[in-house]
Amino acid sequence: MRHLYVHIPFCHRVCPYCSFYKHTPGNTPMAAFVDAVLAEAEMAGRDYDLKLDTVYFGGGTPTALSEVHLERLLTGLRERMDLTGVREFTCEVNPRTITDSKADMMRAQGIDRISLGIQAWDEETLRTLGRDHAPDDAEETFHTLRKAGFRSVSIDLMFSIPGQSLEAWRGTLERSISLNPNHISAYNLNYEEDTEFFERLRKGQYRVEEERDADFFYAALDQLNSAGYEHYEISNYARPGYRSIHNEAYWLGEDYIGLGPGSYSTAKDHRWQNIADTNRYIELLQSGQSAAQPGEALTAEQRRTERFGLELRTARGLPESLVKAPEQRMIRVLGEEGLLLVENGHIRLTRAGKPLVDSVAVALMGA
Amino acid sequence: MPIENTRNFSIIAHIDHGKTTLSDRLLEFTKTITVREQQDQLLDAMDLERERGITIKAHPVCMNYKGRDGKDYKLNLLDTPGHVDFSYEVSRSLAACEGALLLIDASQGVEAQTVANLNLALQQNLHVIPVINKVDLPSADIEKCKRQLEDILQLPADEAVPASAKMGIGIEDILEAIVAFCPPPKDPGDGYLRASVFDSIFDPYRGVVSYVRVISGTIIRGQKVRLMASGNDSEIKDLGTFRPKMVPCEKLEAGDVGYIIANVKTTADVKIGDTLTESRKPAPEPLPGFKEIHPLVFSGIYPVSTDDFEALKLAVGKLQINDAAFTFMAESSAALGFGFRCGFLGLLHMEIVQERLRREFNMDVISTYPSVIYDVRKTDGTELQVDNPTFLPPANEIEEIREPIVKVDIMIPNENIGDVMQMVMDKRGVVNNTETLDDRRVLLHTVLPLNEILVDFNDKLKSITRGYGSMDYEHAGTQPAELVKMDILIASEPVDAFSCIVHRSKAESRGRQLCAKLKEVIPQQLFVVAIQAAIGGKIIARESISALRKDVTAKCYGGDISRKRKLLEKQKEGKKRMKSIGRVNIPQEAFIEVLKNN
Ligand SMILES: Nc1nc2c(ncn2[C@@H]2O[C@H](COP(=O)(O)OP(=O)(O)OP(=O)(O)O)[C@@H](O)[C@H]2O)c(=O)[nH]1
Ligand SMILES: C[S@@+](CC[C@H](N)C(=O)[O-])C[C@H]1O[C@@H](n2cnc3c(N)ncnc32)[C@H](O)[C@@H]1O
Ligand code: SF4
Ligand SMILES: [Mg+2]
């Protein structure tokens, strides 16, 4: 087992578009929470042969934990697991959740990569998103992180947000580039069920417009490419040498173990989720039980579908050998239509094919 | 009961004039049904009949009635459909009767099928009793109806019974009129059994049930009987009358209407119109049979899922058992796979069959654009009949194509003459003459290609005349026409399911219309898709569907890869419900949408 994910489900304010398992801290006993995660880490250490390459602290907002609690979590983790082989240790950070000393502590505890949730640089879009930071807060946080000397700082952006103009999006890209992050994730806003945004979409207050999405997507592709960022996955751009190893592991179908409430794990064709209820999670671990819920056994066909869906997203592409004989006709058809090309035994999407990755994946499967 | 006390009558009228509702009242008045059994349009037993509020099949019922004269009467009523597609049901019912109630909706007056159905009754020498129904309506105009009875139908207006089937007004008067004016059946009295089979159905529990009208002799259980046309011998297992459910009885005698169940296997063995007689002592000659009915409209019916072909085969077979007018033959289509070329009496009949397949047999079907049957003479002198555009020979091999034509009588208010004539002309028809019916209405005698009146003719007529126009039609042979086959190409692939035979003068507009419709219903694909209409190799209309540009749900799914997979699986599943035409995937709904709307 080479990849570890730790889910910290706290956010100071809950964003109306977000469907991750998270909640405001309320009166969650934080010390008990940290102990619970550490207890779970200990169990994982017993159950799996951990040879960790990557660790990822995500959320929620990991930095919603106080410096003291976060430090206890980090040291505790190192006491229970061998992290010496870790090549990438990422932590998600929200603007306004970090100080110089917290950043230094994180750096000292081995975190070498930051994913900073900026989302947008204009106030109007930030307001639509319900974010609790102003553009300058985000910039300040960015400099704090830089000063602390993390090997890689990545920023998250979102596009095609209601009311966001193409100009505003270009401006967001521009200002992001000017900060010279090592990595940029640019996500098309997705209307997730059980979110306020989805409700508004359903009521007709918001609309999904594919043409607009395409324009925003290409704006990012062109601007980031010409600024020297390589498009290595549909939503991800990196300076050479700064791809996210942890995320690439997901995209290539490798196993990973998740800790914390609501986290997912996949090990040996088995996938499950931890109970998405922080209090129950703490109780279970306090009483020495596992927080894992019954999951699903993945069939070969399901894994194949996942590989189509994920590997086509990557710059390397989908191994041609995964395509069965009757499906090969579609490789030719979609090739002729300029959506993909085959190189070194891999099917890669062209510029025209990239924003159509799901459709291409479906077109290729069971053709 | 002596035969003098039996009365057999049909209720006939234009569609919706209230036949089935009147039947309800007659059944109630004669206590054939109990209060508890009462429900509106009781005889419309099929779900479809109830939902659409129309009668599709003729329904017989036997009632007992004590007349004002104190005598007991046996009344056999046959409720008939009003829609022109089912006029053969009316003819067959009339053949079992001596009289007919002709209903006229007091607010509508005489309409086209009033005339047509009256003529059917008169041809069979039936006594016709006019009933002016719906007198409860504020818009009822009894005087006008009486004038029309005299002027248009040449029936004595003073014999007309005013009634309201809905409110139960005039019901006893109607029954008395039947007793008084409808002649009792006449028994030739030569001792031979003669019974006319006027319908048959397949009951899953009891097998083939034949509806009979006994002309002479007696039918009893255990009797050995013969169908004279087919020569089949069998034994009577059960018999009875409709009340309105099937109730067994001891015997059916001259003048009676009822049912028999004999040991025959399939309805194919019981030809409608055949004469039932005794095997031991067959009648010297059969009764006059019915005119054979031929389907006029054809359409391919295909299972949405190709795996369902066998199930569809079973279903159409079963349907035909209860619907002799429906025909089918296996065929295949490059676009739709294996299915059946089916024949119908008209568009309503077609819709009903499709609907029954969906409901009663749970079949998901697609049907192709309805077509008529064309007589084609090739340049080499050979002749063929084409009911499927796919089989039309190439234009250079065709000497002549003849299309079926129909005589259409259109009854309309004076003020709509101009518009209706224009419509007839637009539909390639001719108006032979115009008959003035009274001071407000005219009857246009027209001839039109059947093909042109199939789909929207009646709807257009209704809308031009604000509901006051009505029509009736009958087959009138064929005539040569300049017809061409139009193909639809999607991404350069011809899609046979969309091919059609059209008149040259209409090809272009039809082609444009079809292309536009297809553009609307075919979802965007990963690439630009051209839609073209072509005659021979020549493109006469085109549209193009722009390519999809973006679909990614670009969210980082974190570890929740299952979620992503489920989305893909759902789309893969959706693909199974699509037909792939070359490189284009067309959802079944698109076929249905286009084929139903054109
Ligand atoms: N006001 C009023 N409505 C009536 C009367 N008789 C029938 N109707 C209505 O007219 C409509 C058609 O009645 P049906 O009895 O189904 O007519 P039908 O002649 O059997 O129709 P088809 O079998 O389709 O030819 C229904 O909505 C009835 O309720 C009547 O006497 N007065
Ligand atoms: C796991 S989230 C948490 C990050 C962090 N809490 C924050 O909000 O800055 C990681 C990223 O997912 C993206 N994201 C969240 N909800 C999204 C949605 N509905 N559609 C597209 N991207 C979304 C945002 O860019 C967010 O930064
Ligand atoms: S987007 Fe980030 S801050 Fe907002 S609710 Fe989701 S996890 Fe919390
Ligand atoms: Mg009726």
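**Exercise 1. Determine how helix H11 of chain A and helix H13 of chain B pack against each other.**

Step 1. Helix H11 (residues 300–311) of chain A and helix H13 (residues 561–576) of chain B pack with their axes 9 Å apart and at an angle of about 90°, where axes are lines fitted to C-alpha atoms, for helices over the stretch in contact, and angles run from 0 to 180 degrees between N-to-C directions. Helices (H or I, at least four residues) and strands (E, at least two) are DSSP runs, numbered from the N terminus.

Step 2. H11(A) is therefore roughly perpendicular to H13(B), since angles of 65 to 115 degrees receive that name, while those under 35 count as roughly parallel, those over 145 as roughly antiparallel and the rest as oblique.

Step 3. On the side of H11(A), the residues Gln302(A), Thr305(A), Glu306(A) and Gly309(A) meet Ile561(B), Lys564(B), Arg565(B), Leu568(B) and Glu569(B) of H13(B), contact being counted if the C-beta atoms of two residues, placed from the backbone, lie within 7 Å.

Step 4. The residues of this contact of H11(A) with H13(B) divide into two nonpolar, three polar and four charged; here Ala, Val, Leu, Ile, Met, Phe, Trp, Tyr, Cys and Pro count as nonpolar, Asp, Glu, Lys and Arg as charged, and the others, Gly among them, as polar.

A note on the model: it is predicted, so that local features need pLDDT of at least 70 and side-chain atom pairs count only at pLDDT 80 or more, whereas totals for chains, interfaces and linings use all residues. Residues are numbered from 1 along each chain as its sequence is written, and chains are lettered from A and ligands numbered from 1 in the order in which they are written.

**Exercise 2. State how many residues each chain gives to the contact, and describe the side of chain B.**

Step 1. Chain A gives 41 residues to the contact and chain B gives 24.

Step 2. On the side of chain B that touches chain A, the residues divide into eight nonpolar, five polar and 11 charged.

**Exercise 3. Describe the surroundings of ligand 2 and of ligand 1.**

Step 1. Ligand 2 lies between chains A and B, and 18 residues surround ligand 2, the closest being Tyr17(A), Gly117(A), Asp156(A), Tyr187(A) and Asn190(A); a residue is near a molecule or strand if its C-beta atom, placed from the backbone, lies within 6 Å of it.

Step 2. At least two residues of this shell come from each of strand E2 (54–59), strand E4 (113–119) and strand E5 (152–159) of chain A, and the shell around ligand 2 divides into seven nonpolar, seven polar and four charged residues.

Step 3. Around ligand 1 there are 21 residues, of which Gly18(B), Thr20(B), Ile54(B), Thr55(B) and Gly82(B) are the closest, and helix H1 (residues 19–29) of chain B gives the most to this shell, with three residues.

**Exercise 4. Trace the sheet of nine strands in chain A.**

Step 1. This open sheet has the order E7-E8-E6-E5-E4-E3-E2-E1-E9 (chain A), with mixed pairing, two strands being paired if DSSP finds at least two bridges between them.

Step 2. Its edge strands are strand E7 (230–233) and strand E9 (257–259) of chain A, each of which pairs on one side only.

Step 3. Within the sheet, E4(A) and E5(A) pair in the parallel sense over six bridges, and Ile114(A) stands opposite Val153(A) in E5(A).

Step 4. Helix H5 (residues 135–148) of chain A lies across strand E3 (88–93), E4 and E5 of chain A, and runs at about 170° to E4(A).
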